[in-house]
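Please look through the sequence and the model below before reading on. The report that follows describes the fold, the helices and the charged pairs in turn.

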Amino acid sequence: MKWTARSPDLTPCDFFLWGYVKQHVYRGAIGRIDELKRRIELASRSIDDGLRERVLAGYQRRLARCIQIHGAHVEVNAQS
């Protein structure tokens, strides 16, 4: 699978945050908007410094890889 250098996968919110929050928010049925808001807040607060650092380190590796290949396509599983 080819992965473009302009892919939304390069942004932390697209490749990590939204999926992480959705995974935690939708573990069970939600009956009210206040419950949805509460779950979003809890999911957001559960992102600790260690997780945030790992996400940003991965982001930096992807950016470095894009620079290294001058914005060309790269295999998703390519090592930087």
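## Glu35 and its partners

Glu35 has a relative accessibility of 21%, and because buried means under 20% and exposed means over 50%, this residue counts as partly exposed. The model in which this value was computed is a predicted one. Glu35 forms a salt bridge with Arg39, in which the closest N and O atoms are 2.8 Å apart. Arg39, in turn, has a relative accessibility of 17% and therefore counts as buried. The two residues are four apart in helix H2, which means that about one helical turn separates them. Glu35 and Arg39 also belong, together with Arg38, to a network of salt bridges.

## The chain as a whole

With this pair in mind, we can step back to the whole chain. The protein chain has 80 residues, of which 25% count as buried. Its secondary structure comes to three helices and two strands, and from the N terminus on these elements follow the order β-α-α-α-β. The accessible surface of the chain is about 6100 Å², and carbon and sulfur atoms account for 56% of that surface. If one takes the contacts between residues at least 6 apart in sequence, 58% of them join residues that are at least 24 apart.

Trp18 and Ser44 show how sequence and space can be set side by side, for they are 26 residues apart in sequence and 9.9 Å apart in space, counted from C-alpha to C-alpha. Trp18 is found in helix H1, which covers residues 12–25, and at 47% relative accessibility Trp18 counts as partly exposed.

## The nonpolar core

Which residues make up the largest nonpolar core? This core has nine residues in all, namely Phe16, Tyr20, Val21, Val25, Leu36, Ala43, Ile47, Leu51 and Val55. The elements that give two or more residues to the core are H1, helix H2 (33–45) and helix H3 (49–68). Of these contributions, the largest share comes from H1, which supplies four residues.

## Two helices and their sides

Helix H2 has 13 residues and reaches 18 Å from its first C-alpha to its last, which is close to the 18 Å expected at 1.5 Å a residue. The buried residues of H2 are Leu36, Arg39 and Ala43. Because these residues cover an arc of only 65° around the axis, they lie on the same side of H2. On the other side of H2, by contrast, Lys37 and Arg45 are exposed.

Helix H3 can be read in a similar way. H3 has 20 residues and reaches 28 Å from its first C-alpha to its last, close to the 28 Å expected at 1.5 Å a residue. Its buried residues are Leu51, Val55, Gly58, Arg62, Arg65 and Cys66, and because they cover an arc of only 105° around the axis, they are placed on the same side of H3. The exposed residues on the other side of H3 are Asp49, Glu53, Gln60 and Ile67.

## The salt bridges

How many salt bridges does the structure hold? The structure holds five salt bridges. In general, side chains of opposite charge can pair when their charged atoms come close. The table gives three of the pairs, with the distance between the N and O atoms.

| Pair | N to O distance |
|---|---|
| Glu35 and Arg39 | 2.8 Å |
| Glu41 and Arg45 | 3.8 Å |
| Asp49 and Arg52 | 2.7 Å |

Glu41 and Arg45 are four residues apart in helix H2, so about one helical turn lies between them. At 42% relative accessibility Glu41 counts as partly exposed, whereas Arg45, with a relative accessible area of 63%, is exposed.

Asp49 and Arg52 both lie in helix H3, where they are three residues apart, about one turn of the helix. Asp49 counts as exposed at 52% relative accessibility, while Arg52 is partly exposed, with a relative accessible area of 38%.

Technical notes:
Residues numbered from 1 in each chain as written. Predicted model: local features only at pLDDT ≥ 70, side-chain atom pairs only at ≥ 80, totals over all residues. Heavy atoms only, no water. Buried < 20%, exposed > 50% of the residue type's maximum accessible area, 1.4 Å probe, protein only. Contact = heavy atoms within 4.5 Å. Areas by Shrake-Rupley, 256 points an atom, 1.4 Å probe, with all protein chains shown as cover. Core = buried A, V, L, I, M, F, W, Y, C linked by side-chain atoms within 4.5 Å. Salt bridge = Lys/Arg side-chain N within 4 Å of Asp/Glu carboxyl O. Expected span 1.5 Å × (residues − 1). Arc of directions from axis to C-beta.
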